Amino acid sequence: ELDEELGRAEDVATPGLAESRAAIAQMRDNGVRHAGLGAAVQDLTQRFSARTGVAVALALDEVVAKFTDERAETVFRIIEEALRNVERHASAHTVNVELRCTSTAGAGTLVQMEVADDGVGFDPALPRTGHYGLRGIHEQATLIGAKLGVLSEPGKGTRIVLVFET
């Protein structure tokens with residue numbers, strides 16, 4: 001009887017595990033490594049706009065658009081989470097997503113990412129219990145050695161700025 005029960009449990013667990021693996025593979029396969037950060041973000045913003053009806057203005061620097069490394073994947077994930085937050089909380093009509101690269105004398109190349117919306121905004125100084133999106137963005141920024149700014153005010157939208165050196 002125990003063998004039969006274990007067999008049924010395995011039969012149920014195997015497809016569930018396969019579905020979980022497929023979901024993880026889909027999350028990891030975001031196009032950044034194959035097509036570059038620019039193409040992946042362009043696809044992401046088009047899908048976001050089609051799904052939500054929120055207009056997205058996208059500005060991509062040619063140099064940053066070609067990035068395909070781990071940092072590029074992390075920047076993609078940060079933009080993805082920022083857009084998820086816009087969808088869930090902002091009640092925005094428009095979102096601006098910008099990726100640019102600037103060379104600085106002696107400091108190398110700086111990459112700047114910005115996601116700004118015209119939504120309801122919030123007070124970043126107030127604790128947001130039960131909300132983990134911004135915490136995740138902070139953690140991801142730390143992982144790539146980036147500086148992160150979250151600028152928002154009630155009624156004035158939100159602006160997330162990420163800067164790091166390559």
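The lining of the largest pocket splits into 12 nonpolar, eight polar and four charged residues. That pocket belongs to a predicted model, and it holds about 500 Å³ of space. Its lining counts 24 residues. Sitting nearest the centre are Asn-85, His-89, Phe-122, Arg-128 and Leu-134. Four elements give two or more residues each to this lining: helix α5 (70–90), strand β3 (108–117), helix α6 (133–143) and strand β5 (158–165). Of these, α5 supplies the largest share, with six residues.

How far the model can be trusted is worth a quick look before going further. Mean pLDDT for the protein comes out at 89, and 90% of the residues reach 70 or more. Confidence is not spread evenly over the elements: strand β1 (residues 55–60) has the highest mean, 98, while helix α1 (residues 2–28) has the lowest, 76. As a general caution, predicted coordinates should not be read in detail where pLDDT is low.

Helix α5 turns up again when it comes to charged side chains. Across the whole structure, 11 salt bridges were found. One of them joins Arg-33 to Glu-73, with 2.9 Å from N to O. Arg-33 belongs to helix α2 (residues 32–35) and Glu-73 to helix α5, so this contact ties together parts of the chain that lie 40 residues apart in sequence. Both partners are partly exposed: Arg-33 has a relative accessibility of 42%, and Glu-73 has a relative accessible area of 22%.

Two further salt bridges stay inside α5. In the one between Arg-77 and Glu-80, the closest N and O atoms are 2.7 Å apart. The two residues are three positions apart in the helix, or about one turn. With 21% relative accessibility, Arg-77 is classed as partly exposed, whereas Glu-80, at 19%, is classed as buried. These two values fall on either side of the 20% cut-off, under which a residue counts as buried, so the different labels rest on 21% for Arg-77 and 19% for Glu-80.

The other pair within α5 is Arg-84 and Glu-81, whose side chains meet at 2.4 Å, N to O. Here too the spacing is three residues, which separates the partners by about one helical turn. Arg-84 is partly exposed at 30% relative accessibility, and Glu-81 is buried at 14%. The two pairs are not isolated from each other, either: Arg-77, Glu-80, Glu-81 and Arg-84 are linked in a network of salt bridges.

Helix α6, another contributor to the pocket lining, has two sides that can be told apart by burial. Its buried residues are Gly-133, Ile-137 and Ala-141. These three span an arc of only 75 degrees around the axis, which places them on the same side of α6. Arg-135, Thr-142 and Leu-143 are exposed on the other side of the helix.

The loops and the end of the last strand add a few more details. Ser-91 sits in the loop between α5 and β2 (94–104). Although Ser-91 is not a glycine, its phi is positive, at about 50 degrees. For context, most residues other than glycine have a negative phi. Ser-91 is also exposed, its relative accessible area being 57%.

Gly-145 lies in the loop that runs between α6 and β4 (147–152). Like Ser-91, at 57%, Gly-145 is exposed, with a relative accessible area of 56%. The C-alpha atoms of Gly-145 and Glu-165 are 8.2 Å apart in space, with the two positions 20 residues apart in sequence numbering.

Thr-166 is found in the segment after β5. At 49% relative accessibility, Thr-166 counts as partly exposed, given that exposed means over 50%. A separation of 22 Å, C-alpha to C-alpha, was computed for Thr-166 and Gln-42, which are 124 residues apart in sequence.

Definitions and conventions:
Residues numbered from 1 in each chain as written. Predicted model: local features only at pLDDT ≥ 70, side-chain atom pairs only at ≥ 80, totals over all residues. Heavy atoms only, no water. 1 Å grid on protein atoms, 1.4 Å probe; cavity = no way out; pocket = protein on both sides within 12 Å on 5 of 7 lines; lining within 4 Å. Points joined across faces, edges and corners; volume = space filled by probe spheres on them. Nonpolar A, V, L, I, M, F, W, Y, C, P; charged D, E, K, R; others polar. pLDDT = per-residue confidence, 0-100. Salt bridge = Lys/Arg side-chain N within 4 Å of Asp/Glu carboxyl O. Buried < 20%, exposed > 50% of the residue type's maximum accessible area, 1.4 Å probe, protein only. Arc of directions from axis to C-beta.
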